[in-house]
Amino acid sequence: MKFYHCRSSYDCIAACPEQAITKGADRFPPMACQSNDLLPGKPEIDLAKCTGCGDCISACPNNALEMVPVTSRGGSVFS
């Protein structure tokens with residue numbers, strides 16, 4: 001699973017039937033930003049809980065998710 005340009009709507013968290021996605025910790029903005037306000041945390045995926053159902057992808061209003069094969073160091077694909 002990959003996140004692209006996530007705008008932290010968190011719809012993916014609510015859509016996950018396995019509760020495999022959680023809100024990450026709030027973070028400081030890049031050094032170039034003039035604001036000291038914390039940015040909302042990005043969603044984080046627990047791959048041990050994720051079943052690959054794709055409900056999170058359908059729920060994301062920003063099209064920020066992509067399902068990709070996860071491989072071990074030996075090259076086998078987890079299902």
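# His5, Lys23 and the cysteines in a predicted model

Q: In this predicted model, where is the place of His5?
A: Strand E1 covers residues 2-3 and helix H1 covers residues 11-15. His5 falls in the loop between strand E1 and helix H1.

Q: Is His5 buried or exposed?
A: The relative accessible area of His5 is 69%. The cut-off for exposed is over 50%. His5 is therefore exposed.

Q: Which residues is His5 in contact with, leaving aside its neighbours within four places in sequence?
A: Start with the spacing to Leu65: 60 residues in sequence, but 8.8 Å in space, C-alpha to C-alpha. The contacts of His5 then count heavy atoms within 4.5 Å. With the sequence neighbours set aside, His5 is in contact with Asn62 and Ala64.

Q: In what order do the elements of the chain run from the N terminus on?
A: The chain has two helices and four strands. Read from the N terminus, their order is β-α-β-β-α-β.

Q: Among contacts in the chain between residues at least 6 apart in sequence, what percentage join residues at least 24 apart?
A: The pool here is contacts between residues at least 6 apart in sequence. Within that pool, the share joining residues at least 24 apart is 52%.

Q: What percentage of the residues in the chain are buried?
A: The accessible surface of the chain is about 5,700 Å², and carbon and sulfur atoms hold 53% of that surface. Burial is counted per residue, with a cut-off of under 20% relative accessible area. Of the 79 residues in the chain, the buried share is 20%.

Q: Where does Lys23 lie, and which residues does Lys23 touch beyond those up to four places away in sequence?
A: Lys23 sits in strand E2, residues 21-23. Lys42 is 19 residues from Lys23 along the chain, yet their C-alpha atoms are separated by 6.0 Å. Setting aside residues up to four places away, Lys23 touches Tyr10, Ile13, Gly41 and Lys42.

Q: Which residue forms a salt bridge with Lys23?
A: Side chains of opposite charge can pair when their charged atoms come close. The structure holds one salt bridge. The closest N and O atoms of the pair are 2.6 Å apart, and the side chains are also joined by a polar contact of 2.6 Å. The partner of Lys23 is Asp26.

Q: Are the two salt-bridge residues, Asp26 and Lys23, buried, exposed or partly exposed?
A: Asp26 has a relative accessibility of 42%. Lys23 has 42% as well. Values between under 20% and over 50% fall in the middle class, so Asp26 and Lys23 count as partly exposed.

Q: How many disulfides does a search of the whole structure find?
A: A disulfide is a covalent bond between the sulfur atoms of two cysteines. For Cys53, the closest cysteine sulfur is in Cys16, at 6.1 Å, which is too far for a bond. Cys56 is in no disulfide either, and its nearest cysteine sulfur, that of Cys53, is 6.3 Å away. The number of disulfides found is zero.

Q: Which class of exposure does Cys56 fall in?
A: Cys53 is partly exposed, at 45% relative accessibility. Cys56 comes to 6%. The limit for burial is under 20%, so Cys56 is buried.

Q: What is the phi of Tyr10 near?
A: Most residues other than glycine have a negative phi, and most peptide bonds are trans. Tyr10 lies in the loop between E1 and H1 and is partly exposed, at 21% relative accessible area. Its phi is positive, near 65°.

Q: What is the phi of Asn63 near?
A: Asn63 is in the loop between helix H2 (55-59) and strand E4 (65-66). Asn63 is exposed, with a relative accessible area of 64%. The phi of Asn63 is also positive, in a residue other than glycine: near 50°.

Q: What separates the C-alpha atoms of Pro69 and Gly52?
A: Pro69 lies in the segment after E4. Pro69 is exposed, at 63% relative accessible area. Along the chain, Pro69 and Gly52 are 17 residues apart. Their C-alpha atoms are separated by 9.6 Å.

Q: Over which residues is the pLDDT below 50?
A: The chain averages a pLDDT of 79, and 73% of the residues score at least 70. One stretch with pLDDT below 50 has eight contacts in the model beyond near neighbours in sequence. Where pLDDT is low, the predicted coordinates should not be read in detail. The stretch is residues 75-79.

Technical notes: Residues numbered from 1 in each chain as written. Predicted model: local features only at pLDDT ≥ 70, side-chain atom pairs only at ≥ 80, totals over all residues. Heavy atoms only, no water. Buried < 20%, exposed > 50% of the residue type's maximum accessible area, 1.4 Å probe, protein only. Areas by Shrake-Rupley, 256 points an atom, 1.4 Å probe, with all protein chains shown as cover. Salt bridge = Lys/Arg side-chain N within 4 Å of Asp/Glu carboxyl O. Disulfide = S-S within 2.5 Å. pLDDT = per-residue confidence, 0-100. Polar contact = N/O pair within 3.5 Å; in protein donor to acceptor, adjacent residues only side chain to side chain.
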